[in-house]
Amino acid sequence: YLEQLEGDPARESLKENEANYVTFQREDGTKMPLIPSAAGVLSIDGSEIRYVFGYEAIRLLRSSYMDEGFCVFYDIKRWIGEPEKEEELFDQRGRRCFVKRKDIIRAFLEYVISCAAQKFKCRFKSLHLTAPVKQKKLFLRLFKEILPGYQIMEEDMLDEGVAVLYNSISELIDKNRFKNNEEL
């Protein structure tokens, strides 16, 4: 992939043989490779809904929009068990509509994918997503349904617990605190 980017400004920001992260800016200005699973509604215009996600949704909730009827949902990944359930959305002008949870989850995932596409200057064809071990099949079924334009990698799909473990090991190696044949 990197060879195809020769001359592209994205090449300079990519690290070869390392994990490359998309970062999201928190309220204090620090950048994090994580985004809260929060979705907020900026406006509703007929069937067009303008969302904000992650730290931006939290930022707007804490601003004056709260008194003006700003709508935000936290921890939307918990909706996987009931994706067909509808949520009432409203904007600061009092316009309302009902939307299925899976449509909000789709908009959130499309936002994250578009942030990655912008950072890495590419289009994604396949995705590797993690899920809680006990709900892996449920997540996989929903991902395939709401993201039909992507190949969802399922053969080596990590559960979230294993992904956290791998990340911890990677951090130890990066900080040179890992030694072969030694337990921590």
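Two strands are taken to pair if DSSP finds at least two bridges between them. On that basis, G40 stands opposite V52 in β4. A39 likewise has a partner in β4, standing opposite F53. The model in which these pairs occur is a predicted one.

The protein comprises five helices and nine strands. From the N terminus, the elements follow the order α-β-β-β-β-α-β-β-β-α-β-α-β-α. The chain has 184 residues, and 34% of them are buried. Contacts between residues at least 6 apart in sequence were also examined; 51% of these join residues at least 24 apart.

Three strands form an open sheet in the order β4-β3-β5, and their pairing is antiparallel. Its edge strands are β4 (48-53) and β5 (71-73), each of which pairs on one side only. From one strand to the next, the twist averages 30°. Strands of a sheet pair through backbone hydrogen bonds, either parallel or antiparallel. Strand β3 covers residues 39-45 and is joined to β4 by six bridges in the antiparallel sense. Helix α2 (residues 55-62) packs on the sheet and touches β3, β4 and β5. The direction of α2 makes about 95° with that of β4. Helix α3 packs on the sheet as well, also touching β3, β4 and β5. For α3, the angle with the direction of β4 is about 60°. The hairpin of β3 and β4 has two residues between the strands, and G46 in this hairpin takes a positive phi near 65°.

Helix α2 has several buried positions. These are Y55, A57, I58, L60 and L61. An α-helix has 3.6 residues a turn, so residues three or four places apart point the same way. The cover over the buried residues of α2 includes β1 (24-25), β2 (31-32), β3, β4 and β5.

In soluble globular proteins, nonpolar side chains tend to be buried together. Here, the largest nonpolar core contains 31 residues, and Y51, L89 and I104 have the most contacts inside it. Two or more residues come from each of β3, β4, β5, β7 (96-100), α3 and α4 (136-146). Helix α3 gives the most to this core, contributing six residues. The contacts of I104, leaving aside neighbours within four places in sequence, are A39, Y51, F53, F73, W79, E87, L89 and V99. A39 and F53 are thus both partners of I104 and opposite one another across the β3-β4 pairing.

Helix α3 spans residues 101-120 and includes R101. Is R101 buried or exposed? The relative accessibility of R101 is 10%, so this residue counts as buried, the cut-off being under 20%. R101 touches W79, E82, P83, K85 and E87, with residues up to four places away in sequence not counted. Two of these residues, W79 and E87, are also in contact with I104.

Rolling a probe the size of a water molecule over the atoms shows where empty space is left. The largest pocket has a volume of about 2100 Å³. Its lining consists of 47 residues, and P33, L34, V112, H128 and T130 lie nearest its centre. Helix α3, strand β8 (126-127), helix α4 and helix α5 (160-174) each supply at least two lining residues. The largest share of the lining comes from α5, with eight residues. Helices α3 and α4 therefore appear both in the lining of this pocket and among the elements of the largest nonpolar core.

Definitions and conventions:
Residues are numbered from 1 along each chain as its sequence is written. This is a predicted model: local features need pLDDT of at least 70, side-chain atom pairs count only at pLDDT 80 or more; totals for chains, interfaces and linings use all residues. Side-chain values use heavy atoms; hydrogens and water are left out. Helices (H or I, at least four residues) and strands (E, at least two) are DSSP runs, numbered from the N terminus. Buried means under 20% relative accessible area, exposed over 50%, partly exposed in between (1.4 Å probe, protein chains only). Contact means heavy atoms within 4.5 Å. Axes are lines fitted to C-alpha atoms, for helices over the stretch in contact, and angles run from 0 to 180 degrees between N-to-C directions. A nonpolar core is a set of buried Ala, Val, Leu, Ile, Met, Phe, Trp, Tyr and Cys residues joined through side-chain atoms within 4.5 Å. On a 1 Å grid over the protein atoms alone, a cavity is a set of points where a 1.4 Å probe fits but cannot get out, and a pocket is an open set with protein on both sides within 12 Å along at least five of seven lines; lining residues have an atom within 4 Å of a point. Grid points are joined across faces, edges and corners, and a volume is the space filled by probe spheres set on the points.
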